[in-house]
There are 2 protein chains.
Amino acid sequence: MTKFDEATQAIRVDETTYDVCLDPGYSIGGPLNGGYLMAVVLRAAVDAAPFDHPVSTASQFLKAPAPGPAQVRVEPLKAGRTAAFARATLLQDGVPHIESLITTATLGDAEPDYADGPSHPMPAPEECVQLPAPKAETNMTLSAQMDLRFDPPTLGWLNGRPTGRPESRAYFRMAEPQDPDPYVLALAVDALPPVVFSAGARGWAPTVDLTWHLRALPAPGWLTLIGSGRLVRDGWFDEEVEVWDSAGRLVAQSRQLARVGRG
Amino acid sequence: MTKFDEATQAIRVDETTYDVCLDPGYSIGGPLNGGYLMAVVLRAAVDAAPFDHPVSTASQFLKAPAPGPAQVRVEPLKAGRTAAFARATLLQDGVPHIESLITTATLGDAEPDYADGPSHPMPAPEECVQLPAPKAETNMTLSAQMDLRFDPPTLGWLNGRPTGRPESRAYFRMAEPQDPDPYVLALAVDALPPVVFSAGARGWAPTVDLTWHLRALPAPGWLTLIGSGRLVRDGWFDEEVEVWDSAGRLVAQSRQLARVGRG
């Protein structure tokens with residue numbers, strides 16, 4: 001069992017209730033990363049489901065939970081032959097913090113009938129750059145869990161040279177040896193610095209809601225994350241992330257609606 | 001009150017329950033259109049919410065409801081200063097048919113800080129084409145509610161010449177005079193023929209789940225719908241629709257996961 005598997009573990013209490021323990025190692029300056037929290041919720045929801053693969057997860061982020069004990073309550077809504085539907089709620093002290101609708105199914109390994117390529121090219125890994133290690137007092141513990149290698153222009157904001165467009169692109173793997181799976185993908189779709197940093201915004205950019213789709217089971221190796229946005233307006237922005245595996249297949253697609261930071 | 005306003009009306013029974021009447025005029029060969037059903041759910045959810053604009057709607061389509069009486073049950077989850085969260089369930093005979101998570105907020109009319117253009121150009125309206133009127137026995141009553149003018153290649157599948165890519169593009173307005181609003185946008189994001197028709201697939205392509213975001217309040221006039229997909233695989237496809245208003249602003253973005261028809 002990897003550290004990530006352990007940090008996302010959900011222990012069945014009864015048919016619809018799971019105990020979880022939110023790990024302080026996934027903090028981004030205090031709040032826990034939304035992708036990590038979705039992975040925790042999915043562990044419970046998939047355990048309770050008749051199918052193995054969470055093909056769709058739509059989450060509302062109501063309130064930032066604190067590290068420590070929490071519960072996931074799963075409410076099965078319908079199970080058909082092809083897919084099953086459930087609601088899952090992350091509760092802390094009895095209060096809902098994340099509300100999700102999750103669809104499960106069984107994905108095969110058929111060849112695609114139609115497949116697009118990545119929406120943006122990536123430079124070779126050796127031309128990519130890492131974020132500087134965060135200072136301990138910033139409480140960016142998430143950084144230590146992941147190995148991210150960025151397309152250099154999309155880190156230009158760090159040195160006062162944002163590209164002027166909402167974008168963020170990087171190769172991604174877990175810091176400890178771990179093959180990507182649907183739970184790692186839940187983390188990956190929310191692992192990039194907010195795309196609005198490249199458009200000149202700064203500061204904590206809270207996710208309001210995020211929907212992601214699992215399109216194929218990822219091959220072992222590096223993932224490629226291509227993040228972009230279409231509109232920054234009135235304090236709101238969209239962030240889309242496509243995730244490609246080492247075999248060049250689209251394995252996940254996400255869109256989140258988030259608030260622009262006041263930083 | 002327009003016919004669409006009437007067909008989507010939700011009458012408050014108590015704090016969390018609304019009576020609705022599903023209109024047979026929104027049928028696509030039997031089942032009612034998913035966008036129409038989302039509009040009905042949103043009428044109730046927005047009425048019960050502290051904010052006016054449904055900025056995010058994530059819906060799971062559990063079961064196709066029949067035309068006739070139904071109920072929407074709204075469960076408020078959290079109301080903050082910027083946004084409020086709720087769950088809404090469409091029930092018929094007490095059975096959940098559509099499950100939704102809805103975020104409401106108040107959108108202003110600020111100029112964008114960053115805005116992309118449409119992802120695909122459209123020909124002039126006078127170069128666009130209409131679908132042939134459906135035969136009465138097909139029960140495609142939805143067609144009569146909307147005026148759609150298609151980018152001609154994206155209707156090539158009608159004559160055995162699909163483009164080979166999942167795509168569908170059209171100008172859209174309601175058939176009766178009606179300015180677009182968030183409820184019309186809920187219909188618009190699911191109004192195009194499935195994008196997989198252009199990739200060679202045929203037949204009923206049921207939506208499994210759909211998430212859409214309201215990004216701005218639409219100006220009066222025609223809307224432009226740009227539909228596309230990235231991956232068709234193992235019986236699943238994604239369909240994204242961006243909606244632009246007559247002032248050239250991105251007003252809605254959607255992605256649905258759906259099943260490929262069996263022809």
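The following exchange concerns a predicted model of two chains, A and B.

Biologist: How many residues does each chain bring to the contact between chain A and chain B?
Modeller: Chain A supplies 62 residues and chain B supplies 62 residues. Together the two chains bury about 5,300 Å², with 53% of that area on carbon and sulfur atoms. Within the share of chain A, A:Tyr114, A:Arg230 and A:Arg233 account for 17% of the area buried against chain B, more than any other three residues.

Biologist: What makes the relation of chain A to chain B that of a two-fold axis?
Modeller: Two copies of a chain are related by a rotation about an axis and a shift along it. Here a turn of 180 degrees with a shift of 0.0 Å along the axis lays chain A on chain B, at an RMSD of 0.0 Å. That is therefore the relation of a two-fold axis. In chain A, the C-alpha nearest this axis belongs to A:Ala58, at 3.2 Å.

Biologist: Why can one say that the copies meet through the same surface?
Modeller: Of the interface residues of chain A, 100% are also interface residues in chain B, so the same surface is used by the copies.

Biologist: Why is the pair A:Glu240 and B:Arg255 called a salt bridge?
Modeller: The closest N and O atoms of A:Glu240 and B:Arg255 are 3.1 Å apart. The limit between a side-chain nitrogen of Lys or Arg and a carboxyl oxygen of Asp or Glu is 4 Å, so the pair qualifies. Across the interface of chain A and chain B there are 10 salt bridges, while the whole structure has 30 over all chains. The interface also holds 41 residue pairs in polar contact, both residues being at pLDDT 80 or more. On the side of chain A that touches chain B, the classes are 27 nonpolar, 15 polar and 20 charged residues.

Biologist: How do you know that the salt bridge of A:Arg87 and B:Glu75 joins two chains?
Modeller: The side chains of A:Arg87 and B:Glu75 meet at 3.3 Å, N to O, and the cut-off is 4 Å. A:Arg87 belongs to strand β5 (residues 83-92) of chain A, whereas B:Glu75 belongs to strand β4 (residues 68-79) of chain B, so the pair links two chains.

Biologist: What makes strand β7 of chain A and strand β12 of chain B a pair?
Modeller: Pairing requires at least two bridges. Strand β7 (residues 114-115) of chain A and strand β12 (residues 231-233) of chain B are joined by two bridges and run antiparallel, so the requirement is met. A:Ala115 stands opposite B:Leu231 in β12(B).

Biologist: Which strands of chain A pair with strand β4 (residues 68-79) of chain A, and in what sense?
Modeller: Strand β2 (residues 17-22) of chain A is joined to β4(A) by six bridges, the two running antiparallel; A:Asp19 faces A:Gln71 there. β5(A) also pairs with β4(A) in the antiparallel sense, over eight bridges, and A:Pro76 has A:Ala86 as its bridge partner in β5(A). β4(A) and β5(A) form a hairpin, with three residues between them.

Biologist: How do you know what B:Cys21 touches beyond its sequence neighbours?
Modeller: Contact is taken as heavy atoms within 4.5 Å. With residues up to four places away in sequence left out, B:Cys21 touches B:Ala7, B:Tyr36, B:Gly68 and B:Pro69. B:Cys21 lies in strand β2 (residues 17-22) of chain B. Its C-alpha is 7.6 Å from that of B:Gln9, 12 residues apart in sequence.

Key
Residues numbered from 1 in each chain as written. Chains lettered and ligands numbered in written order. Predicted model: local features only at pLDDT ≥ 70, side-chain atom pairs only at ≥ 80, totals over all residues. Heavy atoms only, no water. Buried area = accessible area lost by both parts, 1.4 Å probe. Polar contact = N/O pair within 3.5 Å; in protein donor to acceptor, adjacent residues only side chain to side chain. Nonpolar A, V, L, I, M, F, W, Y, C, P; charged D, E, K, R; others polar. Helix = DSSP H or I, 4+ residues; strand = E, 2+ residues; numbered from the N terminus. Least-squares fit on C-alpha atoms with pLDDT ≥ 70 in both.
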